[in-house]
Structures are given as structure tokens and as C-alpha cells.
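Trainee: Could you take me through one part of this model in detail? I would like to see how a single helix is placed among its surroundings.

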Amino acid sequence: MSGPKIACIGIIGKAKDNPLHISLFPPYLNSTVEFSFLLNSCLDIFEIRQKQTSVDQDLGLLHAVDEKLAAYGWLTTTGVKLLVIVDLIGQPVPSSIEKQKGSPRTSSKDPDLKSVFRALQTAYIRLFQNPFYSPDDHVPTFKTAATASNSLQITDHKFIAEVKHIGETWGVDATIL
């Protein structure tokens, strides 16, 4: 087995907790509904922690879904929530390679996701520096459900590519560039 891999990255807006962007990574590409539910359940934990104590940016482990998936959170100073769901087991490797390496290591520590959260926050800041990006387009308004859900997503191709790159390149020992 390889190390932990990112299964999902979610960026949630501060106004009414609207999802601004959700990226899924293999093998979870067809699990949009399940991960939307998981991200939504993590928002309750953000709210609880904000009421109980002063919250640092790195909230660490928010929710251990099962023995395979765990959700981690980061709160920006503007109130935007960054969520990363990690597949703790990762992708299987061929058995011949596994026999050569011996038994797989499992880490009892939380994976270090600070570099991921910093890279996501930097990508989000770069998005705001784009003079053609209008953050007001992502504030929920009362419209029909079909038009409201489509208009709230971040559609900037450069930002989406950066988020995909962050999710695909992260590993326990990897640094994000």
C-alpha cells in the first residue's frame, strides 16, 4: 500500500456556507453526493469549534469518517473554509512491489496537511488578485435552485487547475510547489 492520498478538496464560502469549489480525486471521481454530504457535515464541526474557543487557522482533524477517510479543516481569516478529505490507506500497489518493501507502514499521526492548506489559500488569494474575478458572483441569492447552484461555483480554469495539482501531488513526504 502507498501512503495517504487526497480524496477530496472543498472550498466553502463564508456567506451561508455555500460550496465554492469541490475537487474529487481518483478513485472517488463519481462520489460527488457522498463527499458533498461529508463536507457539509464538517461545517457543523467548524461552527462548534468557533463557539467553544478561539479558533486557529489549522483546525486539524475534524471528522474521522471511517478507518479509511478523515476530514481536515483550515479556516481563513476571511471566514472561508478549506476542507481536505484524506484517503488514509491510499492507492494499492502491485503485490510484487509490496512483497519487496515488506509490510505497509501505517502512521498513527495525522498527516501533515499544512503545506496543502497554505497552497490552497495561496491559490485562493491569487484568484482574488485576478481583476476579472468577481467574488460577488459567489454570494448566494434567492433564485431558483437550478440557477443558484450553477452560479455559485468558481469557474476560473487556472484556479481549478491549481487545486487539482495540489490534490494530485500531495503525499506524506511531498512538498507542494
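Mentor: Happy to! One term first: a residue counts as buried when its relative accessible area is under 20%, as exposed when that value is over 50%, and as partly exposed in between. Please keep in mind that this is a predicted model. I suggest we look closely at helix α5, which spans residues 157-169, and reach it by way of an aromatic residue in helix α3.

That residue is Y124, which is buried, with a relative accessible area of 9%. Its ring and the ring of F159 have centres 6.3 Å apart and planes at 65°, so this pair is edge-to-face. Since Y124 belongs to α3 and F159 to α5, the pair ties together parts that are 35 residues apart in sequence. F159 itself has 1% relative accessibility, so F159 counts as buried.

There is a further ring to add. The structure holds 4 aromatic pairs, and one of them is formed by Y124 and F128, edge-to-face, at 4.9 Å centre to centre with 70° between the planes. Y124 and F128 both lie in α3 (residues 114-129), 4 residues apart, which is about one turn of the helix. F128 has 38% relative accessibility, so F128 is classed as partly exposed. Taken together, ring pairs link Y124, F128 and F159 into a cluster.

Now follow α5 along its length. The helix has 13 residues and reaches 18 Å from its first C-alpha to its last, close to the 18 Å expected at 1.5 Å a residue. Its buried residues are F159, E162, V163, I166 and G167. They cover an arc of only 130° around the axis, which means they are on the same side of α5. On the other side of the helix, H157, K158 and E168 are exposed.

What lies against the buried side? The cover over the buried residues of α5 includes β1 (5-12), β2 (19-24) and α3. Let us take β2 as an example, because one of its residues, L24, is buried with a relative accessible area of 7%. L24 and G167 are 143 residues apart in sequence, yet their C-alpha atoms are 8.6 Å apart in space. Leaving aside neighbours within four places in sequence, L24 is in contact with A7, C8, L29, S31, T32, F35 and K164. K164 has a second partner to look at: its charged end sits over the ring of F25, 5.2 Å from the ring centre.

Finally, turn the view around and look from α3. This helix has 16 residues and reaches 22 Å from first C-alpha to last, close to the 22 Å expected at 1.5 Å a residue. Its buried residues are V116, F117, A119, L120, Q121, A123, Y124 and L127. Their cover includes β1, β2, β4, β5 (81-87) and α5. Of these, β4 (residues 69-75) runs antiparallel to β3 (residues 58-64), with 5 bridges joining the two strands. A hairpin of 4 residues connects β3 to β4, and G60 has G73 as its bridge partner in β4.

To bring it back to where we began: α3 is part of the cover over the buried residues of α5, α5 is part of the cover over those of α3, and the ring pair of Y124 and F159 ties the two helices together.

Definitions and conventions:
Residues are numbered from 1 along each chain as its sequence is written. This is a predicted model: local features need pLDDT of at least 70, side-chain atom pairs count only at pLDDT 80 or more; totals for chains, interfaces and linings use all residues. Side-chain values use heavy atoms; hydrogens and water are left out. Two strands pair if DSSP finds at least two bridges between them. Rings of Phe, Tyr and Trp (its six-membered ring) pair if their centres lie within 6.5 Å; planes under 30 degrees apart count as stacked, over 60 as edge-to-face and the rest as tilted. Buried means under 20% relative accessible area, exposed over 50%, partly exposed in between (1.4 Å probe, protein chains only). A charge sits over a ring if NZ of Lys or CZ of Arg is within 6 Å of the ring centre and within 35 degrees of the ring normal. The expected span of a helix is 1.5 Å times one less than its number of residues. The arc is that of the directions from the helix axis to the C-beta atoms. Contact means heavy atoms within 4.5 Å.
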